[in-house]
Amino acid sequence: MTTTPARRPRQLSGRPRFYTSYAQQLRMFNTRPKRVSVGVLMALAVLVPFYVNDEVLQLLAVGFVASIGAIGLNIVTGYAGQISLGHAFFLAIGAYTAAALSGDPDERTIGFGITNLLVWLPAAGLVAALFGVLVAPLATRLRGLYLAIVTLGLVFLGEHIFKEWSSLTGGPGVGRPAAVPELFGYRFDEGGELLTRDQQLYLLMLVLLAIFAVLAFNLVRSKVGRAFSAVRDRDIAAEIMGVSLRKYKTLAFAVSSFYAGCAGALLYTVAGFFDPTSFNLLMSVQYIAMVLIGGAGTISGSIMGAMFITLVPRLTRELPAYVPFIAAEPTGVPNVFQVETVLYGLLIIGFLIFEPRGLYGIWVRLRNYWKSWPFSY
Amino acid sequence: MNGPVPGEPILEVDDVHLYFAGVHAINGVSFEVGPSELFAIIGPNGAGKTSIFNVLSGVYAPGKGRVRFNGTDLLGLRPHDIAALGLARTFQNVELFANLTVLDNLMLGRHQHIRYGAPAAFAWFGRARREEIANRATVEDIVDFLELEQWRGYPVGLLPFGVQKRVELGRALAMEPKLLLLDEPVAGMNLEETEDMARFVLDIREELDIPMILVEHDMGMVMDLADRVLVMDFGSPITTGTPAEVQSHPGVIRAYLGQEQAS
């Protein structure tokens, strides 16, 4: 008499956990520590709004949105290797598309009154993606520094247009209301019975970030993500493997701008108001900093970098209480705002020299250290 | 002197000329490669061997001439279109994707055989996952064939040179080529690694029956493995023939050993 073999090999206790199928290895969280740690992190993130004050919640919500934008930049710069300094431009396109779609038609700025998030969010992404596709042909002609300079031009172009086009943007110093986060009649930006306004927005952004991050992760582990990395590492060899440079560079810009557009649309819903002068070179540099500090070519690194860069200004604001010679007002020298700018620079330089793989690299080193602890080899 | 090629040739190169400004890099080269032939191209440095490969794979556009591969005219096609026709190559200086693992490099060789686009990739479950698993199995056969098991998960940038060369061969094989171009597969290798590589080349012939063009400076390897040899010097073809014919050809001896001053 024979017993039918078990469909899946049984895990023996005390034995290392081997993969027994390719499907198992290709899973998103393919080890138990990954599943546990991501589960714990998500549980914590969901619990945070009930223990933290509204000011910090707003900051975290903005950090989640910035993470979406950073993932976008990481796809085009970290994965596909096309340096883009024009990220602020794509964020602006998304922000104004969403704001115009959901704006009040009776206001002084352009508005169509379509407040449903499911309409204006994808629309903002798609319009930005369209601009990304228009820019992409430049990337097939130019490389490295030259591409960086051309994309830098986009930021200045955008800055000028948004300053002048005051029927759309409200003009500098005045601004316009941001997109209205409404879903089937439910307003996330108005406190409900159960949750406050900021708790709702925090949870909304958390869910959106989770969705965008999972989609991006799927993309980069697929054929498309591999082709991006191939274009980054050796473009000629990539082409000889059958990877069309034009197609994949265009795709990288389209996906990246889509993410930027969505992030731009959401970025100011927390504050409720925004000014056309925000989309400047400094914003592009901040996103570059997020990618470099978080870790180029990683999705989780983008999130770490974005949260880090968003939280740093809040932390430096606490400095005057501990370091007496730093002034809290912008009139003092040195003041917290100067310290903040210097800190960005120092962080980028420090990471490039000591840990080019960014926060993600530090995490990998920590993990590897504890994997073999207490033996160093 | 052109030996008979049994069957329809897979590649016909006819009177190709390539110019870089004033330099005549390839000067009227013609040859054919049979359906299961191992054809070698030799010549001193700067003879134009790698330039011929670059013309075949679409990196350079020749000024004059005709290249037919498996019935299709190659000239004017982009490198990725030529790849889709089934032409694969390795490079003299390893051109792997240094930050990717051995497996990912081999999977990139499968690029044109993996059939799904960006929408399926975003969704992952369904088509993308199915195709990834199926192609992973194919790639594992190549890992097996080239004995790369122990390096599978390593970023290729960290591997020793000899292994990188083998990964590059694997990446080309993953494309399921109809013709394989090997650009100095044993350059910079020690005797043992050279013997290993020669063994793999023979295995590819015997087990996979893929015709190959081999550019190589290691004369021992060329003379032992090649069916026919094309000798070049300063961009011009000197002769084509079996290894034995080529070795005794006076023009070849002149190209390699030089000529005594006429006195």
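Helices (H or I, at least four residues) and strands (E, at least two) are DSSP runs, numbered from the N terminus. With that in hand, let's work through some exercises. This is a predicted model, in which local features need pLDDT of at least 70, side-chain atom pairs count only at pLDDT 80 or more, and totals for chains, interfaces and linings use all residues. Residues are numbered from 1 along each chain as its sequence is written, while chains are lettered from A and ligands numbered from 1 in the order in which they are written.

**Exercise 1. Describe the build of chain A.**

Step 1: start with secondary structure. Chain A has 16 helices and four strands.

Step 2: turn to the radius of gyration, which is taken over C-alpha atoms and set against a globule rule of 2.2 Å times the number of residues to the power 0.38. The value for chain A is 23 Å, close to the 21 Å that the rule gives for 377 residues, so chain A is as compact as a globular protein of that length. Its C-alpha trace spans about 85 × 50 × 50 Å along the principal axes.

Step 3: look at burial. A residue is buried if 20 or more other C-beta atoms lie within 10 Å of its own, exposed if 12 or fewer, and partly exposed in between, with C-beta atoms placed from the backbone. In chain A, 44% of the 377 residues count as buried.

Step 4: look at contacts, meaning pairs of residues whose C-beta atoms, placed from the backbone, lie within 7 Å. Among contacts in chain A between residues at least 6 apart in sequence, 73% join residues at least 24 apart.

**Exercise 2. Do the same for chain B, then find its domains.**

Step 1: chain B holds ten helices and ten strands. Its radius of gyration is 19 Å, close to the 18 Å that the globule rule gives for 263 residues, so chain B is as compact as a globular protein of that length.

Step 2: of those 263 residues, 42% count as buried. The mean pLDDT (the predictor's confidence in each residue, from 0 to 100) is 90 for chain B, and 96% of its residues reach 70 or more.

Step 3: divide the chain, using bounds that come from an automatic or database domain assignment. Domain 1 of chain B covers 1–86 + 177–263, and domain 2 covers 96–174. Taken over C-alpha atoms, the centres of these two domains are 27 Å apart.

Step 4: examine where the domains meet. Ten residues of domain 1 of chain B and seven residues of domain 2 of chain B take part in the contact. On the domain 1 side, α2 (79–85) and α7 (191–208) of chain B each supply at least two residues, and α7(B) has the largest share, with three residues.

**Exercise 3. Which elements of chain A touch chain B?**

Step 1: size up the contact, which takes 24 residues from chain A and 33 residues from chain B.

Step 2: list the elements of chain A that give two or more residues: α1 (22–25), α8 (197–220), α9 (223–233) and α10 (235–240). The largest share, seven residues, comes from α9(A).

Step 3: sort this side by residue type. Ala, Val, Leu, Ile, Met, Phe, Trp, Tyr, Cys and Pro count as nonpolar, Asp, Glu, Lys and Arg as charged, and the others, Gly among them, as polar. The chain A side divides into 14 nonpolar, five polar and five charged residues.

Step 4: zoom in on Ala227(A), which lies in helix α9 of chain A. Why is Ala227(A) counted as buried? Because 25 other C-beta atoms are within 10 Å. Leaving aside neighbours within four places in sequence, Ala227(A) is in contact with Ala238(A), Val243(A), Tyr248(A) and His111(B).

**Exercise 4. Trace a sheet in chain B and inspect its loop.**

Step 1: two strands pair if DSSP finds at least two bridges between them. An open sheet of four strands runs in the order β2-β1-β4-β5 (chain B), with antiparallel pairing. Its edge strands are β2 (23–33) and β5 (72–73) of chain B.

Step 2: follow β4 (residues 64–69) of chain B, which pairs with β5(B) over two bridges. Phe69(B) stands opposite Thr72(B) in β5(B).

Step 3: go to Asn70(B), in the loop between β4 and β5 of chain B. Most residues other than glycine have a negative phi. Asn70(B), although not a glycine, has a positive phi of about 55°. Asn70(B) counts as partly exposed, with 16 C-beta neighbours inside 10 Å.

Conventions:
Contact = placed C-beta atoms within 7 Å.
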